[in-house]
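This report describes the fold of one protein chain and the surroundings of selected residues. The sequence and the structure are shown first.

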Amino acid sequence: MTAPAQTLRIGSIELDAPVVLAPMAGITNTAFRRLCREYGAGLYVSEMITTRALVERNATTMRLITHHESESLRSIQLYGVDPATVADAVSMLVAEDRADHIDMNFGCPVPKVTRKGGGSALPWKLDLFCDIVTRAVRAAGAVPVTVKMRKGIDDDHLTYLDAARIAEDAGVSAIALHARTASQFYSGHADWNAIATLKEAITSVPVLGNGDIWSAGDARRMMAQTGCDGVVVGRGCLGRPWLFGDLARELGRPGAAGGAPVDATLAFVARAFRRHAELLVEFFDDEGRGCRDIRKHVAWYFKGYPVGGELRARLATASTLAEIDDLLGELDLDAPYPGEPAEGQRGRAGTPKRTVLPQGWLDSRTIGAYAATLTESEADTSGG
């Protein structure tokens, strides 16, 4: 395999490191993206945005697509099942100059998405997939469009090679593969061999690999083993936004990370946690809401560190920045990086489960009678 490139070009965009932050619901808001950017380099993608909610200008959705002025490269991921609505959403983003990059979600495995034929279920319907991607690329004009997908619904219903060839022909600027099936959710091990297979099949646009990247070393191994052009990182950066600095130093252009390697002492982690809380308060423009949102990050940040259960529980109930400051002051800030206990998998892996699909979805590779239900399936204006 060839050595990893130091940069990555996605359409007209050139990145200083071949690294992309994976969209994660409730995680990759402006606050987290800004924090990751402060440590490293790459492309930082928004939470998944529902196209129907976007075109109807749902208030929550409009807040989620708003980028901070420091985000010079604005990346938005869209989810939709109706080609017309997807095209309208892309046209809106471009006409109103709200995005520099648009990613299309064909990888989400959660039941509320797949039961409508969306996310990782959608590429099974080849004509629908082709229509959505083609219209999105056409509507985007000069703005690069990429797709992110899984291997398929399960091992008996793989879709990634057919879908990738369709996407390549439709003019996408890159293709990312999370090397698991929908039925795996996040369990087991990612099949990096599938990424290598995809890289061999797709020759005109970059192929990005996703799955089981917990460290910069994992990213380099994936690129060396599969030949992929870059990596997409999700759960590996939970509670560890400085991973993007490690990745930039390992894979990117010299100086891309903008700083020395991190010594992740407990004092360093506490500062990062506090900074994240501060950015969340700014994002929500509400101290109480920002402090509530940081609670889910407590276990991730302090994984492996000598922070007792009682103190963790208090951090997970703090309601003001001053309270967080007082609690962080109780930590043994001289505690060194604990090594292996802080490494490895982060977030819940779950267990394999049957993918929830529309009745009869697997009977045919074409959309057929389901076309009439697509507009109804898009009627989710909850935002995100």
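The report below proceeds from the overall dimensions to the nonpolar cores, one helix and three individual residues.

**Overall architecture**

The model is predicted. It contains 16 helices and 12 strands. The radius of gyration is 20 Å, close to the 21 Å that the globule rule gives for 384 residues, so the protein is as compact as a globular protein of that length. The C-alpha trace spans about 60 × 45 × 40 Å along the principal axes.

Of the 384 residues, 58% are buried. The accessible surface amounts to about 15,000 Å², and carbon and sulfur atoms account for 49% of this area. When contacts between residues at least 6 apart in sequence are considered, 73% of them join residues at least 24 apart. The protein carries 42 positive and 48 negative charges, and the mean positions of these two sets are 2 Å apart.

**Nonpolar cores**

In soluble globular proteins, nonpolar side chains tend to be buried together. The largest nonpolar core here has 119 residues, of which Leu-78, Met-104, Ile-175 and Phe-302 touch the most other members. Helix α11 (residues 266-284) supplies the largest share of this core, 12 residues. Apart from this core lies another of 13 residues, including Ile-10, Val-20, Leu-73 and Leu-208.

Beyond its neighbours within four places in sequence, Leu-78 contacts Ile-49, Thr-51, Leu-54, Ala-89, Val-90, Leu-93, Ile-102, Asp-103, Met-104 and Asn-105.

**Helix α7 and its cover**

Helix α7 (residues 160-170) has as its buried residues Tyr-160, Ala-163, Ala-164, Ile-166, Ala-167, Glu-168 and Ala-170. An α-helix has 3.6 residues a turn, so residues three or four places apart point the same way. The cover over the buried residues of α7 includes the helices α6 (126-140) and α8 (192-201), together with the strands β7 (145-150), β9 (157-158) and β10 (174-178). After α7 comes Gly-171, with a positive phi near 100°.

**Three buried residues**

The table lists three residues in separate settings.

| Residue | Location | Relative accessible area |
|---|---|---|
| Val-147 | strand β7 | 0% |
| Ala-216 | helix α9 (residues 216-226) | 11% |
| His-297 | loop between α12 (287-294) and α13 (298-301) | 1% |

Val-147 counts as buried because its relative accessibility is 0%, under the 20% limit. Leaving aside neighbours within four places in sequence, Val-147 is in contact with Asp-103, Met-104, Phe-106, Val-133, Ala-167, Val-172, Ala-174, Ile-175 and Ala-176. Among these partners, Met-104 and Ile-175 are also named among the residues of the largest core that touch the most other members, and Ala-167 is one of the buried residues of α7. From Val-147 to Ser-215 the C-alpha separation is 24 Å, with their positions 68 residues apart in sequence numbering.

Ala-216 is also buried, at 11% relative accessibility. Its contacts, again without neighbours within four places in sequence, are Leu-243, Asp-246, Leu-247 and Glu-250. Ala-216 and Leu-251 are 35 residues apart along the chain, and their C-alpha atoms are separated by 8.0 Å.

His-297 lies in a loop, yet this residue is buried, with a relative accessible area of 1%. Not counting residues up to four places away in sequence, His-297 touches Ile-27 and His-276.

Notes: Residues are numbered from 1 along each chain as its sequence is written. This is a predicted model: local features need pLDDT of at least 70, side-chain atom pairs count only at pLDDT 80 or more; totals for chains, interfaces and linings use all residues. Side-chain values use heavy atoms; hydrogens and water are left out. Helices (H or I, at least four residues) and strands (E, at least two) are DSSP runs, numbered from the N terminus. The radius of gyration is taken over C-alpha atoms; the globule rule is 2.2 Å times the number of residues to the power 0.38. Buried means under 20% relative accessible area, exposed over 50%, partly exposed in between (1.4 Å probe, protein chains only). Contact means heavy atoms within 4.5 Å. Accessible areas come from the Shrake-Rupley method with a 1.4 Å probe; for residues, only the protein chains shown count as cover. Lys and Arg count as positive and Asp and Glu as negative; His and the chain ends are not counted. The place of a charge is taken as NZ of Lys, CZ of Arg, CG of Asp or CD of Glu. A nonpolar core is a set of buried Ala, Val, Leu, Ile, Met, Phe, Trp, Tyr and Cys residues joined through side-chain atoms within 4.5 Å.
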